[in-house]
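Colleague: Got a minute to walk me through this one? I'd like the reasoning along with the answers.

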Amino acid sequence: MSTQSSRNGPAAHPRFSRTRWSRVLDIHQPEQELAQRSLFELSQRFWYPVYAYARRSGHAPEVANELCLAFFGQLPLTVQRVDPRGQGRFRDFLLDRLHCFLTEDWRKYAEDARLQDLSAPETLEQLEQRLAQDHHASSSPEQAFHRSFALEVLARSLRRLQAEAQQSGREDLFRALQPFLTREPVAGQYQELSRALGSPPLALVIAVKRLRQRFRELADDELMETVASPADLESERAALLGLLADGAA
Amino acid sequence: MTETRILSSEAKFAGTGDLARLAFASAPTGLGAGTIAPRHLAFLPPEALDLDLNDPAQRDFGNYELLEKIGQGGMGVVYRARQKSLDREVALKLLAAGPWASTDFIMRFQREAQSAARMEHPNIVTIYETGAYEDLNYFSMRLVRGRSLAARLAHDGAYDCREAAQLMRKVAEAVDYAHSLDVLHLDLKPGNVLLDEHGDPLVADFGLARRLDQAVAEHGDEVSGTPSYMAPEQAQAHSQHIGAATDIYGLGAILYEMLTGHPPFLGDTPQETLRRVVTTQPETLRSRRGDIPVDLEAICSKCLAKDPRARYQRAREVADDLGRFLDGREVSVRPVGRFERIGRWARRDPRMAVAAAALIASLSLASPPPACSGDAPRPMPSPRANCFGKGVAKPPCNSSRTVTVMPRSHACSPTSKNRNMPARSAWRNLSGGGSA
């Protein structure tokens, strides 16, 4: 589902004119190099959904990883031939490009990708572990792709949240309060934590409130990079919620 | 709900469905609308510090009783509070640096606040105390019962030129005092200038606001706050160039807005504003508002020079030039010719000017005119003088010593005292060497 703004190129909204996807939509503008770099950076974030798609298509882990290498290596160059402006959101574009890519003899691109020093952001073992926990065996490659995309947005937001806590030297606090990101403490739990951490209960209440809020900000920030207008952001939020909220694979 | 878990090399995360609801189903954060820049976890948004004052437990803040919320900004939330130990009302600012802020940052901030608390100046908001209560960091300060200059500008628009100069002269003097104690503000803007019940300015948050913003910038990839008042060296993060001249730029930016109703630079996004701050010149004051005197424009432009070395080097110099402007004297940034100087003096002291002119006229009549030599004098550049308002008679020639400019009209009569003024004294005044 794409909106008018994304079909016609970068949105006029200033905040969205600087997202990576907006820059990709500017691919035919003079700053083509910037558009290609933006697409490369953005696509690298979503290695896992492409890997999940390849695995659900029946490829072995090593082959799926090889496929990812080849795909991400050639992706920035393909947009010279394909106008991304007809593709709507980045998620749709990525899947569409993957479909096209798989109709070719993709192995010829793998060596080029190695020459570019391209490598997976996670080890095969980590990718396999995620796959085993995130998906039912019966899910289709497309379902696996979309669900993994949504999970990747959440995972990236959480990693950034944890990194910020580390930057402030508050890892202990993060470990203690992370469980309350999605659930309310039971009676007396804040007092218990207060004794354990040496922080007053009021400070813990505020810390949890801020943790949740910052997580939402980071998720929005992650998602914004993949859309080009406020309307696209809203529809993408709803779509990803639909993919994950019922817990179905 | 299937308790599916997201895998991560760093951490085991909470239930996926709940996490998705938190991320995607909650009220929008405002990032999409471009209203809030992403900030680090360590910094609390104002709403997190919005305490429920109907709750006695939240109203009680150690040695303070919180009475009323009176303001908020990126740096924190300000409450009117009663300091129990001294039974006085103060302003208490709860800082955005909350439970997630690093201890190192808190210590640096407290040191900065102690430094700022040394200042005692009628145009600086006095800081009483800094501390932490229930892990919430705060500082207390004098309660100013008025509004900020930003609120005044938003409500009533631009200032009259003289009023703007008078107010900014006081602000510049306050900044000069702080600099003499090695305290820089580095975040001067209308929102940090409070106006008391008499309309007098008090500069707030010396050295403190910037400390928080710096920390945000260190941790985040977004510009925090509004950069419309940032000096180019701040916008480019050239910390080695940040110093007193950075505050001089801030003075110029405030003066600019007081005169025009707009900051010198304002883009659609903070990044666009920053780009303009660094690469473009602000629209000239007189193109925005035709009645701004050239001297005031020159003072403001000097403050807003891109190169810190091209600005006034001391806030005192800004205050002095604004004082000269208010007195109608020559300002340091726009030297004027002899005749304009005379015209300015005549406007400042019309009775003395007429007396001097009359004396010179009588001396000229009493003695033969000197032989004409040299160029003819320039006409008076300004026709606005009280006594010379209808223009000036062009003299037949120019003497090296004697000024022969004569008024056509003698609307301002000399006093008897002035009539008897010795010629030497009159000349001293005319040439700018007197008490003018």
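What follows is a short back-and-forth about this structure.

Modeller: Keep in mind that this is a predicted model, where local features need pLDDT of at least 70, side-chain atom pairs count only at pLDDT 80 or more, and totals for chains, interfaces and linings use all residues. Residues are numbered from 1 along each chain as its sequence is written, while chains are lettered from A and ligands numbered from 1 in the order in which they are written.

Colleague: How many residues of helix 4 of chain A are buried?

Modeller: Helices (H or I, at least four residues) and strands (E, at least two) are DSSP runs, numbered from the N terminus. Buried means 20 or more other C-beta atoms within 10 Å of a residue's own, exposed means 12 or fewer, partly exposed is in between, and C-beta atoms are placed from the backbone. Among the buried ones here are A:W47, A:Y51 and A:R56. Helix 4 spans residues 47-56 and is largely enclosed by the rest of the structure, because the buried count is ten of the ten.

Colleague: Which residue with a positive phi follows helix 4 of chain A?

Modeller: Look just past that helix for a phi near 105°. The residue is A:G58.

Colleague: Over to chain B: which residue stands opposite B:G76?

Modeller: Strands pair if DSSP finds at least two bridges between them. Strand 3 (residues 76-83) and strand 4 of chain B run antiparallel over eight bridges, and they make a hairpin with four residues between them, with B:D87 in the turn at a positive phi of about 45°. Across from B:G76, in strand 4 of chain B, is B:L95.

Colleague: And what stands opposite B:A91?

Modeller: Strand 4 (residues 88-95) of chain B is mostly covered, with six of its eight residues buried. Four bridges also join strand 4 of chain B antiparallel to strand 6 (residues 136-141) of chain B. In strand 6 of chain B, the residue facing B:A91 is B:M141.

Colleague: Which residues have the most contacts inside the largest nonpolar core?

Modeller: A nonpolar core is a set of buried Ala, Val, Leu, Ile, Met, Phe, Trp, Tyr and Cys residues joined through C-beta atoms within 7 Å. The largest one has 148 residues, and the top pair for contacts inside it is B:M168 and B:L251.

Colleague: Where does this core lie?

Modeller: Domain bounds come from an automatic or database domain assignment. Both domains of chain B listed there give residues to the core, so it lies between domain 1 (46-141) and domain 2 (158-327).
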